[in-house]
Amino acid sequence: MQTPRDISYTGNPTGGTTAYPAVLPAAHEATENPDNIFYRTIRTAMKKQLIYLLASAGLLAAGCSTENKAEGTEYGTLKVSCTADGSIDAASDDTSRMPAAPSVPQAGDFTLTVTGESGTQKWDTLTEFEQSDAVFRMGTYTVSVAHGDPDAEGIDKPYYAAEKRVEVLPRRAATVEMTATIANSQTVVRATEQFLNYFHDAQFTVTTASGNQFDFTPGSTPADEPVFVKSATTLKVTGTARRQSQTGTDEGPKVTFSEQTLEATSPRTCHIFTFDAKDAGSVTLTVTLSDDYTETRPIDCEVNEGAIDDTK
């Protein structure tokens, strides 16, 4: 058998017959001769392999960089727990006349607002927030929950709210526990038994700063329910009634009570206006906000023109 070194061919490219040995060097010559085709082939292959190794190393380095960045993240999470307290401060000597407790919302129905240095995020319900898997950059946040409309006024329109500050730490879950209380106010007009013995057909109207008007008829059955009004609003109370008939043949003279004003309502409080007539011909108004605040005012009674004023 011939070795590569023994192979030759005959023929000259120019037509001669000189024999030329084939250029098939030994292995050591192939790597030492830069002009040899084997040398160039091996060098190319080594370059390609080096490029591949460098590319692989780059990808590995990039993967390590992302992993390290994830491990060093500055984000944390929030876990918000909320309960509702529907109690209202409504002092009264007669517990049977205390306002009924308003409806209490479910914890998952509260809206959630989270405010930090970078802005504000809001969720329509706590349930929606729990399903969002939201994360927050480390820092201090104000967490607020609410249910209802703070500007709504009327029967069965409580507005609940609560707010807390919380610190979010990297890769930690900050727990926030809050109790939402009633943040708006209530009002109702009542009359004592003495007042109803002396006056009949009494009608009172409470007007809020928003322009809403609510009518009350003391002594009616069923009794008037308190209405919710905005907190820090002004209340004006006006009303009329008829005195007892002196002849038994008429309705009695109609009187108009002077307007009374409460400058500002307090949150989580029922403002009770109670009309009284301890002495014939005299009327007093007791404004009760709580056990700590009770104000009694004398009320002027203006007899309508054409009516008989039986106090003279």
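These are my notebook entries on a predicted model of one chain, set down in the order in which I looked things up.

**Overall make-up.** I began with the secondary structure, which comes to 4 helices and 19 strands. I then turned to burial and found that buried residues make up 32% of the 312 residues in the chain. For the accessible surface I noted about 19000 Å², of which 50% belongs to carbon and sulfur atoms. When I took the contacts between residues at least 6 apart in sequence, 62% of them turned out to join residues at least 24 apart.

**Strand 14 and its partners.** I next followed strand 14, residues 235-243, and asked which of its residues lie on the covered face and which on the uncovered one. The covered face holds Leu-235, Val-237, Gly-239, Ala-241 and Arg-243, while Lys-236, Thr-238, Thr-240 and Arg-242 make up the uncovered face. Strand 11, residues 199-208, runs antiparallel to strand 14 and is joined to it by 8 bridges; here I recorded Thr-238 as the bridge partner of Thr-205. Strand 15, residues 254-262, is also antiparallel to strand 14, with 7 bridges between the two, and in this pairing Leu-235 of strand 14 has Leu-262 as its bridge partner.

**A hairpin.** I looked at strand 4 (residues 111-116) and strand 5 (residues 119-123), which run antiparallel and are joined by 5 bridges. The connection between strand 4 and strand 5 is a hairpin through 2 residues, and I noted that Val-114 stands opposite Gln-121 in strand 5.

**Cysteines.** I searched the whole structure for disulfides and found 0. I also checked the burial of two cysteines: Cys-82 has a relative accessible area of 6%, and Cys-270 has 0%, so each falls under the 20% cut-off and counts as buried.

**Aromatic rings.** How many aromatic pairs does the structure hold? I found 14 of them. One is formed by Phe-129 and Phe-136, with 6.5 Å centre to centre and 40° between the planes, and is tilted; both Phe-129 and Phe-136 are buried. Why is the pair of Tyr-198 and Phe-199 edge-to-face? The ring centres of Tyr-198 and Phe-199 are 5.1 Å apart and the planes stand at 75°, so the pair is edge-to-face, the angle being over the 60 degrees that this class requires. Tyr-198 and Phe-199 are both buried, and they belong to one aromatic cluster together with Phe-195, Phe-204, Phe-257 and Phe-275.

Methods:
Residues numbered from 1 in each chain as written. Predicted model: local features only at pLDDT ≥ 70, side-chain atom pairs only at ≥ 80, totals over all residues. Heavy atoms only, no water. Buried < 20%, exposed > 50% of the residue type's maximum accessible area, 1.4 Å probe, protein only. Contact = heavy atoms within 4.5 Å. Areas by Shrake-Rupley, 256 points an atom, 1.4 Å probe, with all protein chains shown as cover. Pairing = 2+ DSSP bridges. Disulfide = S-S within 2.5 Å. Phe/Tyr/Trp six-rings, centres within 6.5 Å; stacked < 30°, edge-to-face > 60°.
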